[in-house]
Amino acid sequence: MSERTIPVADEPVAGAMPQTDGQRWLVLNPTSGSADHTERVRTLGEERDYHIEETTGPGHAIDLAERAAEAGVNLLAVAGGDGTLHEVVGGLVRADALDRTTVAVVPTGTENIFAQNVGIETPEQAFDVVETGARRRVDLGVAGGEPFTMSCIAGLVANASVSTSDELKERFGSLAFLVNGLQEAASFDGLHIDLTATSNGEEVTWSGDALCALVGNSRRFVEEGGQANLEDGLLEVVVIERMPAGDIVAEAFAQRVFGRTGDNVFHTQASQLTISAFDDHDDPIDFSLDGEPRSHDDLTIHCRPRSLRVCVGPEYDVSPADDGD
Ligand SMILES: Nc1ncnc2c1ncn2[C@@H]1O[C@H](COP(=O)(O)OP(=O)(O)OP(=O)(O)O)[C@@H](O)[C@H]1O
């Protein structure tokens, strides 16, 4: 395998780094998305001299990422969706190899939210960007010791699908998934939670009955939603108070039309937070970590600032919400 020094387009912007890749590995989930990408992605990898490992089942990408780290790999491509990326990052953390590994996200999943957030649209572009694109260090969330790239969600949407029809997204913006979950809301008992967050050095708290608590690393949930600032060391934290179904639509509509956070929506940015079940008799809280189900009584979540090295596409914008558009 050849040693290549990679041009870094945005040196010396904070977060970029020159690096020698050494051997490149590709972890490929053949079942992600519509599962018709394997040949195409294999060819892209083989043409560029990648060592290719296919996953054989859930959790396998964790082991493969650990093996890659043990083999001294500095450039690890991952073909799959957000779930496969989640596993690969977990493996790198387990191997204590985050600092010496750059991850190239090859979008072949259903939603590929993290890939979109770092400006990668297609598998071909993902491989091209490894050769010629920029590399950044972006924030990583950690929930109960487990890293996440995209989001950690408790409550209603942890049970319902986070994906939503285009029409609902068009009408209600980032709260569309709640409108989508209304049928479930009727039977949903609510989340009885205490949330304590450290925001700007101050402690802020929220206690009560919530529909959901949303913690985004790469995702925002209020106003137009979309991508969060991935290099500010902060997590987006939103709690949506339990409210009657009609009010959820009204709230979502207010956000869409007025671009504001309403009375039923708590929003802050935090470097760390704790979410606990209200009293000891409550059932554990169901969470969705990058789409993977987890259950915890208490969960401490923090941001590991700029600790994940990733190849980014030309459209990557550190903080699109601050651009004024
Ligand atoms: N060979 C395999 N067979 C079955 N499941 C697998 C295999 N390899 C990985 N998996 C599992 O597939 C799950 C889904 O993968 P992933 O999230 O990457 O794709 P997706 O759901 O299509 O995309 P997205 O999460 O972006 O919507 C992961 O939880 C992973 O554990």
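These questions and answers concern a predicted model.

Reader: Which helix gives the most residues to the shell around the ligand?

Author: The ligand has 22 residues around it, and Gly-81, Gly-83, Thr-84, Gly-109 and Thr-110 come nearest. By class, the shell holds 17 polar, three charged and two nonpolar residues. The most residues from one helix, four, come from residues 82-94, which form helix 3.

Reader: How many residues of the side of domain 1 that touches domain 2 come from helix 3?

Author: The domain assignment places domain 1 at 24-133 and domain 2 at 147-305. Their contact involves 13 residues from domain 2 and 11 from domain 1. On the domain 1 side, helix 3 and helix 4 (113-117) each supply at least two residues. The largest share belongs to helix 3, and that share is seven residues.

Reader: What is the class make-up of the side of domain 1 that touches domain 2?

Author: Domain 1 brings 11 residues to this contact. They divide into two charged, four polar and five nonpolar residues.

Reader: Which residue of strand 15 stands opposite Cys-152?

Author: Strand 15 spans residues 285-289, and four of its five residues are buried. Strand 7 (residues 151-155) runs antiparallel to strand 15, with three bridges joining them. Opposite Cys-152, strand 15 places Leu-289.

Reader: Which residue in the turn between strand 15 and strand 16 has a positive phi?

Author: Strand 16 (residues 292-296) pairs with strand 15 in the antiparallel sense over five bridges. Within this pairing, Ser-288 stands opposite Pro-293. The two strands form a hairpin with two residues between them. The positive phi, about 55°, belongs to Asp-290.

Key:
Residues are numbered from 1 along each chain as its sequence is written. This is a predicted model: local features need pLDDT of at least 70, side-chain atom pairs count only at pLDDT 80 or more; totals for chains, interfaces and linings use all residues. A residue is near a molecule or strand if its C-beta atom, placed from the backbone, lies within 6 Å of it. Ala, Val, Leu, Ile, Met, Phe, Trp, Tyr, Cys and Pro count as nonpolar, Asp, Glu, Lys and Arg as charged, and the others, Gly among them, as polar. Domain bounds come from an automatic or database domain assignment. Two residues are in contact if their C-beta atoms, placed from the backbone, lie within 7 Å. A residue is buried if 20 or more other C-beta atoms lie within 10 Å of its own, exposed if 12 or fewer, and partly exposed in between; C-beta atoms are placed from the backbone. Two strands pair if DSSP finds at least two bridges between them.
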